[in-house]
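Have your viewer ready and your selection tool at hand. We will go from stop to stop, picking residues as we go.

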Amino acid sequence: MQIRSAQARDRADIWRILEPVIRAGETYALPRDMSEDGALAYWLGDDRKTFVAEEDGVVLGTYYLRANQMGGGAHVANCGYVTAAEATGRGIARRMCTHSLQQARELDFRAMQFNCVVSTNAGAVRLWQAMGFETVGRLPGAFAHPVHGFVDAFVMFRAL
């Protein structure tokens, strides 16, 4: 598997991966009815670098890397990751996270922060903890989950 910078030709594959996650509304604070154009504009925005994880010519995951804040907070990175449903459990997210940490270091970020890790997303919470992230904040009822109602969101952080 290789991880490379996303290109215009990857738009359809990125949407194929993002759409079911956005529609489910269980892990990202994005509108469940977000359009393809809106989602791709968000994921591929000018304020971020976007990557795809590819194996044998098939895109299995994607992530973006950006500054978490502007100005005085611009030294802290932020990422979002999505793995294709058919590739879940194969270590794609772990590889993308490892890659993102290296990219963040190369871009001189000093830390990485995830602002809204949904508490019911147990697999992500476990993975981020295994990758060295600590839960530094709990936001009670901050995420409107379509199945579980209002659930907590975590702020997770690690120094680079």
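Over the ring of which residue does the charged end of R48 sit? Select R48 and Y64: the charged end is 4.4 Å from the centre of the Y64 ring. Keep R48 on screen and add Y42, because R48 also lies over the face of that ring, at 4.7 Å from its centre. Bear in mind along the way that this is a predicted model.

Y42 leads on to the next stop, as it is one of the residues lining the largest cavity. Show it with L18, V21, I22, Y28, L30, W43 and V82 to complete that lining. The enclosed volume is about 30 Å³. Colour α1 (11-24) and α2 (36-43), each of which supplies at least two lining residues; α1 gives the most, with three. Colouring by residue type shows eight nonpolar residues in the lining, with no polar and no charged ones.

Now select W128 and look at its aromatic neighbours. Y81 and W128 make a tilted pair, 4.9 Å centre to centre with 40° between the planes. Y81 lies in strand β4 and W128 in helix α4, so this pair ties together parts 47 residues apart in sequence. F114 and W128 are tilted too, at 5.1 Å and 55°. F114, in strand β5, is 4% accessible and therefore counts as buried; W128 is buried at 7%. Add F51, Y63 and F133 to see the whole aromatic cluster.

Finish at helix α3 (residues 92-106), where the end C-alpha atoms are 21 Å apart, in agreement with the expected span. Its buried residues include I92, M96, H99 and Q103. After the helix, click on D108, whose phi is positive, near 70°.

Methods: Residues are numbered from 1 along each chain as its sequence is written. This is a predicted model: local features need pLDDT of at least 70, side-chain atom pairs count only at pLDDT 80 or more; totals for chains, interfaces and linings use all residues. Side-chain values use heavy atoms; hydrogens and water are left out. On a 1 Å grid over the protein atoms alone, a cavity is a set of points where a 1.4 Å probe fits but cannot get out, and a pocket is an open set with protein on both sides within 12 Å along at least five of seven lines; lining residues have an atom within 4 Å of a point. Grid points are joined across faces, edges and corners, and a volume is the space filled by probe spheres set on the points. Helices (H or I, at least four residues) and strands (E, at least two) are DSSP runs, numbered from the N terminus. Ala, Val, Leu, Ile, Met, Phe, Trp, Tyr, Cys and Pro count as nonpolar, Asp, Glu, Lys and Arg as charged, and the others, Gly among them, as polar. The expected span of a helix is 1.5 Å times one less than its number of residues. Buried means under 20% relative accessible area, exposed over 50%, partly exposed in between (1.4 Å probe, protein chains only). Rings of Phe, Tyr and Trp (its six-membered ring) pair if their centres lie within 6.5 Å; planes under 30 degrees apart count as stacked, over 60 as edge-to-face and the rest as tilted. A charge sits over a ring if NZ of Lys or CZ of Arg is within 6 Å of the ring centre and within 35 degrees of the ring normal.
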